[in-house]
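The exercises below each set a task and then work through it step by step. Keep the sequence and the coordinates open while reading.

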Amino acid sequence: SGGEGGAGGSGGRGGGEMQLAVGTNSEQVRLFDLADMGCRLLLGHADIVLALDASAGGGLIASASKDATVRLWDPATAECVGRCVGHMDAVGAVGFGGKTGGRLAAGAADGAPLPATLLSASKDKTLKKWDLSPLLAGGGGGKTKKKGATAASGEEAPTLSCLATVLAHSKEVNALAVAPNDRLAITGSQDRSLKVWTLAADGSAAIRPEPAATLTGHRRAVWTAAFAPLDRVAASGSADMLVKVWSMADWACLRTFEGHVSSVLKVRFLRGGALLASSGSDGLVKVWSIKGQECVATLDAHEDKVWAIDAYEPPSRGATGGGEGGGEGGGE
């Protein structure tokens, strides 16, 4: 995912093919087929797309926009299959959990796993959890598409209900990640803090109203956060040029990595959590060893800010998105 004016990327599968969704400082999302780099457009947002995420199994792509909405897309058909309406300002972060809750309805990724959790965070300072049950195979609530409607426009896609809203921070929320077990979420803000939230299965307590922890230590705005695959730690990156790793057991800061010379815009765990990749406004991608507490690689292929990192394993492949209008891809 990316920040305002930047690019975001997220991997997914559609029709059995690996695809890459990219936000490019416009209201459109570009969906690339990694086999031949063919491109389709996901059309529906009325303003710049700021963030992207793909569900486990790749059956859904979520996009968040300055138009204050989140849209859900079927990567197989490039159609909008759901809309999340309720934020009062730009939505800068969106994230699926790792658990699934049934199968998507036919016509929406053709029976792919339905994610159990979708969260979004906004410039309006709130964190919201959304009801994905209308996308379940065999029914669910919500509005349904009219016969003959153009799903690619998104106008007739179901409007999903908001299960919970919490006032997450004192300033706009820039970063969001959901733990793979769906039990925790972490947010990062212009207020320089991160907050950890406990997630419930459903109802009014879908997000507990008080954070489980407030993590302080960054000296400037927090731009990015990510969970390790096993939930035990999370990482953050900030405009203070630092990358921090946090314990999700006692909330302590376990590591602070220094090396970027400008804001850290994205962090992403690799190799099962053994490595952590970070990208920044300095145009660099750095790879850190969690155990070794050192930088093991610096990739210098961009000429501008690197807004996005994504990777998929196996094989060990990754992609980065930069502000110069290009991107890079390759093995780790």
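**Exercise 1. Locate R71, decide whether R71 is buried or exposed, and find what its side chain reaches.**

Step 1. R71 sits in strand β7, which covers residues 69-74. Strands here are DSSP runs of E with at least two residues, helices are runs of H or I with at least four, and both are numbered from the N terminus.

Step 2. The model is predicted, so local features need pLDDT of at least 70 and side-chain atom pairs count only at pLDDT 80 or more, while totals for chains, interfaces and linings use all residues. Residues are numbered from 1 along each chain as its sequence is written, and side-chain values use heavy atoms, with hydrogens and water left out.

Step 3. The relative accessibility of R71 is 5%, so R71 counts as buried. The classes are buried under 20% relative accessible area, exposed over 50%, and partly exposed in between, with a 1.4 Å probe and protein chains only.

Step 4. From R71 the side chain reaches the backbone oxygen of G44 at 3.1 Å.

**Exercise 2. Describe the protein chain as a whole: which secondary structure does it have, and what share of it is buried?**

Step 1. The count gives zero helices and 30 strands.

Step 2. Of 332 residues, 54% are buried.

Step 3. Take contacts (heavy atoms within 4.5 Å). Among those between residues at least 6 apart in sequence, 46% join residues at least 24 apart.

Step 4. The chain exposes about 13,700 Å², of which carbon and sulfur atoms supply 48%. Areas come from the Shrake-Rupley method with a 1.4 Å probe, and for residues only the protein chains shown count as cover.

**Exercise 3. Work out the strand order of the sheet that contains β22, and find which strands stand at its edges.**

Step 1. The sheet is open, has four strands in the order β20-β21-β22-β23, and pairs antiparallel. Two strands pair if DSSP finds at least two bridges between them.

Step 2. β20 (222-227) and β23 are the edge strands; each has a single partner, so one side of each is left without a neighbour in the sheet. From one strand to the next the twist averages 20°. The angles are taken between N-to-C directions of lines fitted to C-alpha atoms and run from 0 to 180 degrees.

Step 3. β20 and β21 are joined by five bridges, and A225 has S236 as its bridge partner in β21.

Step 4. Strand β21 (residues 233-238) is joined to β22 by five bridges; here A235 is the bridge partner of V245. Three residues separate the two strands in a hairpin, and M241 in the turn has a positive phi of about 80°.

Step 5. Five bridges also join β22 to β23 (residues 253-258), with W246 opposite C253. This hairpin has five residues between its strands, and W251 in the turn has a positive phi of about 70°.

**Exercise 4. Explain why β22 is largely enclosed, and sort its residues by the way they point.**

Step 1. In a regular strand the side chains alternate between the two faces of the sheet.

Step 2. In β22, L242, K244 and W246 point one way, while V243, V245 and S247 point the other way.

Step 3. Six of the six residues of β22 (residues 242-247) are buried, so the strand is largely enclosed by the rest of the structure.

**Exercise 5. Find the aromatic pair and classify its geometry.**

Step 1. Rings of Phe, Tyr and Trp (its six-membered ring) pair if their centres lie within 6.5 Å; planes under 30 degrees apart are stacked, over 60 edge-to-face, and the rest tilted. Searching the whole structure gives one pair.

Step 2. The rings of F257 and W288 have centres 4.8 Å apart and planes at 15°, so the pair is stacked.

Step 3. F257 belongs to β23 and W288 to β26 (residues 285-289), so the pair ties together parts that are 31 residues apart in sequence. Both F257 and W288 are buried.

**Exercise 6. Describe the sheet that contains β25, then the surroundings of S279.**

Step 1. This open sheet of four strands has the order β24-β25-β26-β27, paired antiparallel. Its edge strands, β24 (264-270) and β27 (294-299), each pair on one side only, and the twist averages 25° from one strand to the next.

Step 2. Six bridges join β24 to β25 (residues 275-280), and V264 has G280 as its bridge partner.

Step 3. S279 lies in β25 and is buried, with a relative accessible area of 0%.

Step 4. Leaving aside neighbours within four places in sequence, S279 has contacts that include H260, V264, L284, W307 and I309.

Notes. Polar contact = N/O pair within 3.5 Å; in protein donor to acceptor, adjacent residues only side chain to side chain.
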